[in-house]
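Open the model in your viewer and keep the selection tool at hand. We will take a short walk through its charged contacts.

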Amino acid sequence: MTKYSLDVTGEICPYPLMLTKQKMGKLTAGDQLVVVVDYAKSVEDIPRWAKEEGYSVLAISEVGRTQWEIVLEKASPALLEEGK
């Protein structure tokens with residue numbers, strides 16, 4: 001498992017979600033992605049999308065007055081198939 005980070009602070013809809021999708025697509029099963037956002041809507045949109053795609057949302061934490069970290073984990077293909 002490798003942990004990656006993606007800082008999308010300063011970006012507004014739809015870029016935080018689009019960039020997260022791109023990055024998650026490049027990860028392998030078991031890898032984690034820490035997404036740093038400062039756009040409040042992303043705190044709703046990214047976890048919702050991740051769950052729909054079968055990714056695990058490990059944590060959502062406020063790390064500043066207007067900044068959050070969302071920790072996602074890419075599931076193995078076998079686990080994704082079981083969930084469908």
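The stops below follow the salt bridges of this predicted model.

**Stop 1: the helix.** Select residues 40-53. This is helix H2. Lys41 and Asp45 both sit in it, and Arg48 lies in helix H2 too. How many salt bridges does the structure hold? There are two.

**Stop 2: Lys41 and Asp45.** Select this pair and show the side chains. They form a salt bridge, with the closest N and O atoms 3.1 Å apart. Along helix H2 the two are four residues apart, about one turn of the helix.

**Stop 3: Arg48.** Keep Asp45 selected and add Arg48. Their side chains meet in a salt bridge, 3.3 Å from N to O. The spacing here is three residues, again about one turn of the helix.

**Stop 4: the surface.** Turn on a surface view. Is Asp45 buried or exposed? Asp45 is buried, because its relative accessible area of 12% falls under the 20% cut-off. Now look at its partners. Lys41 is partly exposed, with a relative accessible area of 38%. Arg48 is also partly exposed, at 42%.

**Stop 5: the whole group.** Select Lys41, Asp45 and Arg48 together. What links them? The three residues are joined in a network of salt bridges. Asp45 takes part in the contact with Lys41 and in the contact with Arg48.

Methods. Residues are numbered from 1 along each chain as its sequence is written. This is a predicted model: local features need pLDDT of at least 70, side-chain atom pairs count only at pLDDT 80 or more; totals for chains, interfaces and linings use all residues. Side-chain values use heavy atoms; hydrogens and water are left out. A salt bridge is a side-chain nitrogen of Lys or Arg within 4 Å of a carboxyl oxygen of Asp or Glu. Buried means under 20% relative accessible area, exposed over 50%, partly exposed in between (1.4 Å probe, protein chains only).
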